[in-house]
Amino acid sequence: MDKQPLIISLQDDSPGYEISPARVPLATLTSFMSDVRDFLKGSGRDADADTTEVAVVHGSLAVQASKFSSPSLINDLRMLEKGADISGIDPKRRTVIQKWQNAASKKGSVRFKISTPSGNVIAITNQTAFRAQVERTLVNVERYIRGEVVDLGGATQANAHIKLPDGKTLVVQTDRNLIRSETENHLYKEVHLRIRAHMDLETGELIDAQLLEFVHYEPRFDQQQFTRLTKKGEEAWKDIEDPSAWVRHIRGVTD
């Protein structure tokens, strides 16, 4: 059904040269590849983007996915071809398009193109206005998260870069006093954090995360404590012939 390969490309000469597979800032490459993965995968309901094979090609920097097939992706591409309202596309892909549109609007040298299997080209530039007519709903949440600290500190704004179990990196704002008060060096170690953030109800994305505390979580099994509590429980229940029946009776549950 697909006559041409799907190609997603980034054009940018702001580093002082036209980026290409031969020369690209590492941060730009990392961010773009992560966005391409999220765009292909979407919410991940109908295809596995992680196993698909791609080629990095010129144009300036482009990813070609010749064999990837996803009904939801094809549907979303058709909606993107029709107009700038992205309310109806997959929420994960919508987030990527909004990110690209914001980047292109702020910096005219940045342009994105999606060459679709149908032969059309969807361009995202500072002249386009892709946006969701229905704005996303954000709620305030507190969460415990786990991940590896890959960067900690900062010259102007202190933050922690946390690599999550799914491979994505969450930037968590903090302050120097909190980092300074920690007696343990957390860099390149797995940690548990308590954070406050805004959460997108539709996608579950955490936005504007702030670090509340490092959680010093050290689970261990205390055999002596377990044995003591077990004996205490056995003593308390020794006169009950059928504990399950007793619990049902207390709850007012009849057989």
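Which side chain meets Arg-93 in a salt bridge? The partner is Asp-76, with 2.8 Å between N and O. The close-ups below come from a predicted model, and this pair is a good place to start.

**View 1. Arg-93 and Asp-76 link two helices.** Arg-93 belongs to helix 3 (residues 91–106) and Asp-76 to helix 2, so their salt bridge ties together parts that are 17 residues apart in sequence. Are these two charged residues buried or exposed? Arg-93 has 0% relative accessibility and counts as buried. Asp-76, at 3%, counts as buried too. The cut-off for that word is under 20% relative accessible area.

**View 2. Helix 2 has a buried side.** Helix 2 covers residues 71–82, which makes 12 residues. From its first C-alpha to its last it reaches 17 Å, close to the 16 Å expected at 1.5 Å a residue. Look along the helix for its buried residues: Leu-73, Ile-74, Asp-76, Leu-77 and Leu-80. They sit on the same side of helix 2, because they cover an arc of only 165° around the axis. On the face turned away from that buried side you will find the exposed residues Pro-71 and Lys-82.

**View 3. Strand 6 pairs with strand 9.** Here strand 6 (residues 138–153) runs antiparallel to strand 9 (residues 190–200), and the two are paired over 11 bridges. Two facing pairs help you find your way. Tyr-144 is opposite Arg-194 of strand 9, and Ile-145 is opposite Leu-193 of strand 9. As a reading aid, side chains in a regular strand alternate between the two faces of the sheet.

**View 4. Strand 9 also pairs with strand 10.** Strand 10 (residues 206–215) is antiparallel to strand 9, and seven bridges join them. Which residue of strand 10 stands opposite Leu-193? It is Phe-214. Leu-193 is thus a handy landmark, with Ile-145 opposite it and Phe-214 opposite it in strand 10. The hairpin of strand 9 and strand 10 has five residues between the strands, and in this hairpin Gly-204 takes a positive phi near 80°.

**View 5. Strand 6 forms a hairpin with strand 7.** Five bridges pair strand 6 with strand 7 (residues 159–163) in the antiparallel sense. Leu-152 has Ala-160 of strand 7 as its bridge partner. Five residues lie between the strands of this hairpin, where Gly-154 has a positive phi near 135°.

**View 6. Glu-184 and Lys-189 meet in a salt bridge.** How many salt bridges does a search of the whole structure find? The total is 10. In the one shown here, the side chains of Glu-184 and Lys-189 come together at 3.9 Å, N to O. Both ends are partly exposed: Glu-184 has 39% relative accessibility, and Lys-189 has a relative accessible area of 37%. Elsewhere, salt bridges with shared partners join Glu-142, Arg-194, Arg-196 and Glu-213 into one network. Arg-194 may be familiar from View 3, where it stands opposite Tyr-144.

**View 7. Arg-37 pairs with Asp-38.** A salt bridge connects Arg-37 and Asp-38, and their closest N and O atoms are 3.4 Å apart. Arg-37 counts as partly exposed at 29% relative accessibility, whereas Asp-38 counts as buried at 16%.

**View 8. Trp-237, Trp-246 and Ile-250 make a nonpolar surface patch.** The patch formed by Trp-237, Trp-246 and Ile-250 measures about 320 Å². Where does Trp-237 lie? Its place is in the loop between helix 5 (223–236) and helix 6 (243–251). Trp-237 has a relative accessible area of 36% and is partly exposed. Patch residues need over 30% relative accessible area, so Trp-237, at 36%, clears that cut-off.

**View 9. Asn-177 is in helix 4.** Helix 4 spans residues 176–181 and includes Asn-177. With 54% relative accessibility, Asn-177 counts as exposed. Ala-158 is 19 residues away from Asn-177 in sequence, and the two are 9.7 Å apart in space, C-alpha to C-alpha.

Key
Residues are numbered from 1 along each chain as its sequence is written. This is a predicted model: local features need pLDDT of at least 70, side-chain atom pairs count only at pLDDT 80 or more; totals for chains, interfaces and linings use all residues. Side-chain values use heavy atoms; hydrogens and water are left out. Patches are made of residues with over 30% relative accessible area and no salt bridge: like charges are joined within 9 Å, nonpolar side chains (Val, Leu, Ile, Met, Phe, Trp, Tyr) within 5 Å. Accessible areas come from the Shrake-Rupley method with a 1.4 Å probe; for residues, only the protein chains shown count as cover. A salt bridge is a side-chain nitrogen of Lys or Arg within 4 Å of a carboxyl oxygen of Asp or Glu. Helices (H or I, at least four residues) and strands (E, at least two) are DSSP runs, numbered from the N terminus. Buried means under 20% relative accessible area, exposed over 50%, partly exposed in between (1.4 Å probe, protein chains only). Two strands pair if DSSP finds at least two bridges between them. The expected span of a helix is 1.5 Å times one less than its number of residues. The arc is that of the directions from the helix axis to the C-beta atoms.
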